[in-house]
Each structure stands twice: as structure tokens, then as C-alpha cells.
Amino acid sequence: VDEIFCGAAPLSDEIYDAVNNRFGNRISIRNGYGMTELSIVTNVSRRFGWKAGTVGPIVPGNFCKIIEVESGRLLGPNETGEVCFKGDHVMLGYRDDPEATRQTIDSSGWLHTGDLGYYDTDQQLFVVGRLKELIKYKGFQIAPAEIENLLLSHGDVVDAAVVGKEDEVCGQIPVAFIVKRQGSCITAEELCKFVDERVSAQKKLRGGVRFIEAIPKNPAGKILRRELEKFFSKL
């Protein structure tokens with residue numbers, strides 16, 4: 001083995017060091033970044049000289065920029081914003097879904113990844129979070145609404161929200177926040193089983209179920225997922 005490539009989820013310093021030590025510091029361990037909409041790979045870390053947390057510089061033929069989420073303003077080195085790409089590698093669009101295409105690729109041809117990141121003065125990209133609601137489990141993209149709708153079909157569930165919890169091995173794992181029917185004795189284990197028996201393997205509630213009094217929402221009724229993610233820091 002001369003090289004190991006890592007993708008689909010962040011490569012932590014701990015995993016890098018463990019693998020590097022296992023092979024006696026004689027191989028190249030490289031981290032990459034990309035997505036299906038970008039013809040798979042846009043960034044790969046350099047063969048040697050690992051810089052903690054980076055997915056490396058962009059590969060030839062790609063253009064990348066970081067923009068402020070609210071204003072779309074172009075950001076400079078070490079400023080965190082949404083990661084966008086442009087180039088011949090960008091998809092033409094989603095099949096039979098022009099609205100989804102318009103929401104992802106702007107009028108100037110820039111594809112908005114929904115990921116938060118920054119680049120340093122060495123032109124290396126760091127991905128630090130996600131804007132989009134999609135949960136990324138081992139490279140699979142999971143739509144929270146699908147699991148939420150399933151949970152809402154259960155007679156003991158009044159309201160539900162599903163978010164991704166960061167996981168060192170899987171990237172993210174789905175966690176459900178539940179408002180249960182008054183007087184219900186339903187348990188977290190029973191709800192997990194209810195979901196797990198009805199979904200594909202990657203959509204199972206590996207992060208479990210948390211019971212709360214109300215799902216935080218904005219005036220328009222949209223779930224405030226960032227508020228739910230704050231619960232993880234309290235656990």
C-alpha cells in the first residue's frame with residue numbers, strides 16, 4: 001500500500017495519526033472533497049505534508065469561491081462562508097427538476113454546495129459544516145423530511161424533527177426529536193424500531209430519539225434545526 005484516499009466524511013487528526021502510525025509513516029494519506037453534482041472530486045489534499053482538517057487545493061479545471069451566506073459577498077482567506085464551484089465538471093442539472101436546479105446552480109453557473117468552509121493562504125480548502133438540511137451518512141444523503149413524515153404517521157407522535165449529529169466514523173447520524181401525544185407511554189427504543197423496520201439501512205435512527213416539549217420553529221413553521229443541534233453540546 002502506497003496511498004490511502006479518504007472521502008465522504010471528514011478525516012480527523014486522530015484517525016490520520018492512527019493509520020499513519022500503523023503503516024510506520026511510510027505511506028501517503030490523502031483527504032478529498034466532492035459531490036455527485038460536481039463529477040465526484042473537486043479537491044484532494046497533497047501527497048505529503050498533511051495539514052490538519054484540510055481537503056486540499058482544488059484539482060485542475062475547477063474554480064472555487066467562498067461567499068457570505070446572507071449577502072452572497074465574496075469572502076477572502078480564512079473567512080467562513082458557503083463553498084461554491086464552477087467549471088466544466090458541474091452538472092447540467094437535476095433530471096426533470098428545473099426548480100431544484102435553479103436552487104443549486106445560480107445564473108452565473110456557480111454551484112452552491114450547501115457546505116460551509118474556508119480556504120487558507122496556501123489555497124487549501126477546509127469544510128467545517130453544512131447549510132443544507134441533508135444528513136450525510138457515509139456518503140449517503142438523507143432527507144430529514146422522509147423520516148419525519150414516517151414518524152408523524154405513528155399515533156403517539158404529535159410532532160417530529162430529524163437532524164444530523166456529527167459522528168467520527170459515519171460523518172453524521174440521524175437523530176429524532178419527538179413531541180409525543182399527551183399520556184403516551186411510547187419509548188425511544190420503540191420509535192427507533194418503528195423507523196428502522198421501515199427504512200433503508202443508512203436512514204436508521206442510529207443517533208436515537210430525544211423527547212422534547214416542542215419543536216422549535218420560525219413564524220413560517222419551518223423547523224429551526226440549528227436550535228435542535230445545540231442539544232448535542234449539552235449531552
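Modeller: A salt bridge is called when a side-chain nitrogen of Lys or Arg lies within 4 Å of a carboxyl oxygen of Asp or Glu. The model discussed here is a predicted one.

Colleague: What makes K217 and D159 a salt bridge?

Modeller: Their closest N and O atoms are 3.0 Å apart. The limit is 4 Å, so the pair qualifies. The contact links distant parts of the chain: K217 is in the loop between β13 (209-211) and α5 (225-229), whereas D159 is in strand β11 (residues 157-167), 58 residues apart.

Colleague: How do you know whether D159 is buried or exposed?

Modeller: D159 has 17% relative accessibility. Buried means under 20%, so D159 counts as buried.

Colleague: Why is K217 classed as it is?

Modeller: The relative accessible area of K217 is 37%. Partly exposed is the class between buried, under 20%, and exposed, over 50%, so K217 is partly exposed.

Colleague: Which residues are joined by salt bridges that share partners?

Modeller: R46, K51, D120 and D122 form one network of this kind.

Colleague: How do you know that R46 and D122 form a salt bridge?

Modeller: The closest N and O atoms of R46 and D122 are 2.8 Å apart, and the 4 Å limit is therefore met. R46 is in the loop between β3 (43-44) and β4 (54-56), and D122 is in the loop between β7 (111-119) and β8 (125-130), 76 residues apart.

Colleague: What makes K51 and D122 a salt bridge as well?

Modeller: The N to O distance between K51 and D122 is 3.7 Å, which is within 4 Å, so this pair also qualifies. K51 is in the loop between β3 and β4, 71 residues apart from D122.

Colleague: What class of accessibility does K51 have?

Modeller: K51 has a relative accessible area of 30%. That value lies between the 20% and 50% cut-offs, so K51 is partly exposed. D122, at 31% relative accessibility, is likewise partly exposed.

Colleague: How many salt bridges does the whole structure hold?

Modeller: The search finds 15 salt bridges.

Colleague: How many disulfides are there?

Modeller: The structure holds zero disulfides. The sulfur of C170 is 12 Å from the closest cysteine sulfur, that of C6, whereas the cut-off is 2.5 Å, so this pair is too far apart for a bond. C192 is in no disulfide either, the nearest cysteine sulfur, in C170, being 15 Å away.

Colleague: Why are C170 and C192 assigned to their class of accessibility?

Modeller: C170 has a relative accessible area of 9% and C192 one of 13%. Each value is under 20%, so C170 and C192 are both buried.

Colleague: Which residues form the negative surface patch, and why does D17 pass its accessibility cut-off?

Modeller: The patch is formed by D13, E14, D17 and E168. D17, in helix α1 (residues 13-22), has 40% relative accessibility and counts as partly exposed. A patch residue needs over 30%, so D17 passes this cut-off.

Colleague: What is the overall frame of the protein chain?

Modeller: The chain has five helices and 13 strands, and its C-alpha trace spans about 60 × 50 × 35 Å along the principal axes. Of its 235 residues, 43% count as buried.

How values were computed:
Residues are numbered from 1 along each chain as its sequence is written. This is a predicted model: local features need pLDDT of at least 70, side-chain atom pairs count only at pLDDT 80 or more; totals for chains, interfaces and linings use all residues. Side-chain values use heavy atoms; hydrogens and water are left out. Buried means under 20% relative accessible area, exposed over 50%, partly exposed in between (1.4 Å probe, protein chains only). Patches are made of residues with over 30% relative accessible area and no salt bridge: like charges are joined within 9 Å, nonpolar side chains (Val, Leu, Ile, Met, Phe, Trp, Tyr) within 5 Å. Accessible areas come from the Shrake-Rupley method with a 1.4 Å probe; for residues, only the protein chains shown count as cover. Lys and Arg count as positive and Asp and Glu as negative; His and the chain ends are not counted. The place of a charge is taken as NZ of Lys, CZ of Arg, CG of Asp or CD of Glu. Helices (H or I, at least four residues) and strands (E, at least two) are DSSP runs, numbered from the N terminus.
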